[in-house]
Amino acid sequence: MRSVVVDIRANQRTGVARYGLSLLRALAERAGSVSDMGFRAIADAHQEQDVRRALAGTAVEVAFAPEPDGFVRRSPWLRELLAADAVDLYFTTHYTVDRQCPVPFVATTHDLSRLRFPEHAYSEESFTRYFGADEWACLQGELAALAAWDHDRDDPRANVFQRYFRALNRHQVAHARGFVTVSEATRGDMLRLLGVPAGRVDVVPCGVDTDLFRPRRVVAPAVPYCLFVGLAGPTKRFSWLLETWLRGAGRRGEGELVVVGGYAEQRPEVQELLAAHADVARTVRFTGRVTDDELAVLYSGAAALVVASVNEGNHLGPLEALACGCEVICTDIPPLRETVDGHAHFYGVDDRPALDGLIRRAMSGGLARKAAGFRVPVWSESAGLLVDALRRALATARTADGVDTDRGRGEESQRVRWGEGGSDQAGADSVAAGGE
């Protein structure tokens, strides 16, 4: 039996984190029927409660990281754990892998927004604000170590972060056994932008927990509302959506934009927009983080979920909303056409009047009903696709030749064993509020 380690650590509690946890749960539930692979898991301390609940009653063991990684994946303890326990394959649901991973690996690429939209890449200032000066120094050190892959060093348009991210992706393409991605749209980007051979990319799409996300009986809200769910980073374009909402709020009369999670209210540009439209700012309500049950209720009572993204990998929000019977208004981009075509209301990426018109129809109850009949994808199907992908990676003759296995940064190794609990920081977010 081949040994496979599944690493679901994520920098924040976002869609990437939900993808990892949900996929791990579904994989663990079918582990008993997979005779050629044995699974173990790795998670961050702040994920401990959710992970133990997800793995309850299964035979999958889990090890918790002694400390969270920053943006840069540099884990001496993980290298030691993988090497000492004769692991055959390491799979991560995160974007990047420790450059010195000592065993064959498969990485997950959710999207390539940072390559498609380099104008939204971190600057030194924004990166340091979210992750700290020490992490920036680590990134610079990694860029120096990736010199052979840094083909953009003489490009004046590429800043340090862009050079690092591109070099790391080139390195991963050269060393990975394979890749998992969440949509055919992202798979196409990987083939085009990274030159990944088509046979080394498997699509394992997002699913929905239908025990949680289903139509709920709700009391009619006092005023109609539209929802925005998730982070508010540049490619999500929350500020653009908010400006559209605030400009049209007077014409729509009473109604709210309910913003769930993502720290959007802490962004300076959001605060400036609300101050500039103080007369209608009361129509925007920020809930902060909510439970899954609360989110399902919000979906069920909403006039529509509104998405303004210029790019996505798969996007759980529209899938969960449709599973709850909620109408979806979203940008006309390939990943969303792939996942919700025929059951969503699309508008052109820069067509603000079209978005405003759809919102007004939703708030007045005049939006055509498209959510009905949507076939909800489920995580058990995704887990089956993942097992197939891992089998292909194990069967390939490719090796991790050339991967350096020194201990990196000079930290002293921290030995972690399977089944150990997390640190005292359980329940804390991995990065500062506002990170992307």
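The overall build of the chain is described below, followed by two helices, two loop residues with positive phi and the surroundings of one cysteine. The structure is a predicted model.

The chain contains 15 helices and 13 strands. Its radius of gyration is 22 Å, close to the 22 Å given by the globule rule for 436 residues, so the chain is as compact as a globular protein of that length. Along the principal axes, the C-alpha atoms occupy a box of roughly 65 × 55 × 45 Å. Of the 436 residues, 57% are buried. Among contacts with a separation of 6 or more, 73% link residues that lie 24 or more positions apart in the chain. The exposed surface amounts to about 17,700 Å², and 49% of this area is supplied by carbon and sulfur atoms. The chain carries 51 positive and 59 negative charges, and the mean positions of the two sets are 4 Å apart.

Helix α5 spans residues 124-131, and its residues Ser126, Phe127, Tyr130 and Phe131 are buried. Viewed down the axis of α5, the buried residues fall within an arc of 105°, so they line one face of the helix. The face turned away from this buried side carries Glu125 and Arg129, both exposed. The cover over the buried residues of α5 includes two other helices, α6 (133-145) and α7 (160-175). Just after α5 comes Gly132, with a positive phi of about 100°.

Helix α10 (residues 268-276) has Val270, Leu273 and Leu274 as its buried residues. These fall within an arc of 95° when seen down the axis of α10, so they too line one face of their helix. Exposed residues on the other side of α10 are Pro268, Glu272, Ala275 and Ala276.

Most residues other than glycine have a negative phi. Ala86 has a phi near 50°, a positive value in a residue that is not glycine. Ala86 belongs to the loop that joins α3 (76-84) to β4 (89-92). With a relative accessible area of 57%, Ala86 is exposed, because the cut-off for exposure is over 50%. Arg237, also not a glycine, has a positive phi of about 55°. Arg237 is located in the loop between β8 (225-229) and α9 (238-252). The relative accessible area of Arg237 is 12%, so this residue counts as buried under the 20% limit.

Cys206 is placed in the loop between β7 (201-203) and β8. Its relative accessibility is 7%, and Cys206 therefore counts as buried. Leaving aside residues up to four places away in sequence, Cys206 is in contact with Tyr19, Val182, Asn314, Leu316, Leu319, Pro377, Trp379 and Ser382. Phe238 lies 32 residues from Cys206 along the chain, and the C-alpha atoms of the two residues are separated by 22 Å.

Terms used. Residues are numbered from 1 along each chain as its sequence is written. This is a predicted model: local features need pLDDT of at least 70, side-chain atom pairs count only at pLDDT 80 or more; totals for chains, interfaces and linings use all residues. Side-chain values use heavy atoms; hydrogens and water are left out. Helices (H or I, at least four residues) and strands (E, at least two) are DSSP runs, numbered from the N terminus. The radius of gyration is taken over C-alpha atoms; the globule rule is 2.2 Å times the number of residues to the power 0.38. Buried means under 20% relative accessible area, exposed over 50%, partly exposed in between (1.4 Å probe, protein chains only). Contact means heavy atoms within 4.5 Å. Accessible areas come from the Shrake-Rupley method with a 1.4 Å probe; for residues, only the protein chains shown count as cover. Lys and Arg count as positive and Asp and Glu as negative; His and the chain ends are not counted. The place of a charge is taken as NZ of Lys, CZ of Arg, CG of Asp or CD of Glu. The arc is that of the directions from the helix axis to the C-beta atoms.
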